[in-house]
Amino acid sequence: MAAPSDQKATIIDGKAVAQTIRSEIAEEVRLLSEKYGKVPGLAVVIVGGRKDSQSYVSMKRKACAEVGIKSFDIDLPEQVSEAELISKVHELNVMPDVHGILVQLPLPKHINEEKVLGEISLEKDVDGFHPLNIGKLAMKGRDPLFLPCTPKGCLELLKRSGVTIKGKRAVVVGRSNIVGLPVSLLLLKADATVTIVHSHTTDPESIVREADIVIAAAGQAMMVTMGIL
Ligand SMILES: Nc1nc2c(c(=O)[nH]1)N[C@@H](CN(C=O)c1ccc(C(=O)N[C@@H](CCC(=O)O)C(=O)O)cc1)CN2
């Protein structure tokens, strides 16, 4: 987030916000289970043994346990075929206790990611990566059923920190399908004026300097420093 040079920057305590959100979700889950005798179920699918993916998946499963969501752990070997993975997705699509399906990315090179994500039932696409959900995110007056979690988290942090988005100049650094692009679309939906800065942008620093809000989503820590802001 940018602060003009004559203002002090405030560091947002993301961990405290996350804890508050987890408590809110835990309460929602408790009420749901009291009312309907059911708990939400999330299938977390991981293919292969990438250390970073294993670590993100284990955090997701731990977070489920913490709030009372039942997690279905699907761990598939690196060599699993695209057809086998898609067949697993189809199986999860019709399981009544599974309300959300998340396929951890990236997938091994021999698997077509777009094809797999397109097979997840729209109603269970909790990552919001299905082309129809992303398409709705990009359209005025349409709302996707789910939003990608990191972009949603960025906006939640801004809102819960009292930052007004409407009418602000927002600059997003990076245009990935997982963070940069969807966070730009979300900011646009929240009535910001949005610019995306990427590897082919000329003089990105001058664009970032003019921003009221900066979201660094280039996958490289410390890329946007206070010097630029
Ligand atoms: N199915 C999915 N696969 C992947 C996703 C996803 O949202 N759904 N995102 C990434 C991996 N990932 C979560 O799974 C993830 C990675 C990194 C971050 C993040 O916010 N990183 C911060 C640093 C946080 C820290 O201090 O540790 C950053 O980059 O600034 C969020 C989510 C790919 N696969």
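**Two domains and a shared ligand shell**

In this predicted model, five residues of domain 1 are in contact with four residues of domain 2. On the side of domain 1 that touches domain 2, three residues are nonpolar, one is polar and one is charged. Domain 1 covers residues 37–134 of the protein chain, and domain 2 covers residues 148–216. The centres of domain 1 and domain 2, taken over C-alpha atoms, are separated by 27 Å.

A good place to look next is the ligand. Domain 1 and domain 2 each give at least three residues to the shell around the ligand. Which residues surround the ligand? They are Tyr56, Leu102, Val103, Gln104, Leu105, Asp127, Pro148, Cys149, Thr150 and Ile178. Sorted by class, the shell holds seven nonpolar residues, two polar residues and one charged residue. Two elements of secondary structure can be picked out here: strand β3 (100–103) and helix α6 (149–160) each supply at least two residues of the shell.

Stepping back, the protein chain contains eight helices and six strands. Followed along the sequence, these elements come in the pattern α-β-α-β-α-β-α-α-α-β-α-β-α-β. A UniProt entry, which is unreviewed, lists residues 12–127 as "domain: Tetrahydrofolate dehydrogenase/cyclohydrolase catalytic". Over residues 12–127, helix makes up 51% of the chain and strand 16%. The end C-alpha atoms of this stretch lie 24 Å apart.

Helix α1 offers a friendly exercise in checking a model with simple arithmetic. What span should the 23 residues of helix α1 (residues 14–36) have? At 1.5 Å a residue, the expected span is 33 Å. The end C-alpha atoms of α1 are 32 Å apart, which agrees with that expectation. In an α-helix there are 3.6 residues a turn, so residues three or four places apart point the same way. After α1 comes Gly37, which has a positive phi, near 65°.

The overall dimensions of the protein chain can be checked in a similar spirit. Along its principal axes, the C-alpha trace spans about 55 × 45 × 35 Å. For a compact globule of 229 residues, a radius of gyration near 17 Å would be expected. The protein chain has a radius of gyration of 19 Å, so it agrees with the value for a compact globule.

Note on methods. Residues are numbered from 1 along each chain as its sequence is written. This is a predicted model: local features need pLDDT of at least 70, side-chain atom pairs count only at pLDDT 80 or more; totals for chains, interfaces and linings use all residues. A residue is near a molecule or strand if its C-beta atom, placed from the backbone, lies within 6 Å of it. Helices (H or I, at least four residues) and strands (E, at least two) are DSSP runs, numbered from the N terminus. Ala, Val, Leu, Ile, Met, Phe, Trp, Tyr, Cys and Pro count as nonpolar, Asp, Glu, Lys and Arg as charged, and the others, Gly among them, as polar. Domain bounds come from an automatic or database domain assignment. Two residues are in contact if their C-beta atoms, placed from the backbone, lie within 7 Å. The expected span of a helix is 1.5 Å times one less than its number of residues. UniProt positions are given in the numbering used here, feature names are shortened, and annotations may be inferred rather than shown by experiment. The radius of gyration is taken over C-alpha atoms; the globule rule is 2.2 Å times the number of residues to the power 0.38.
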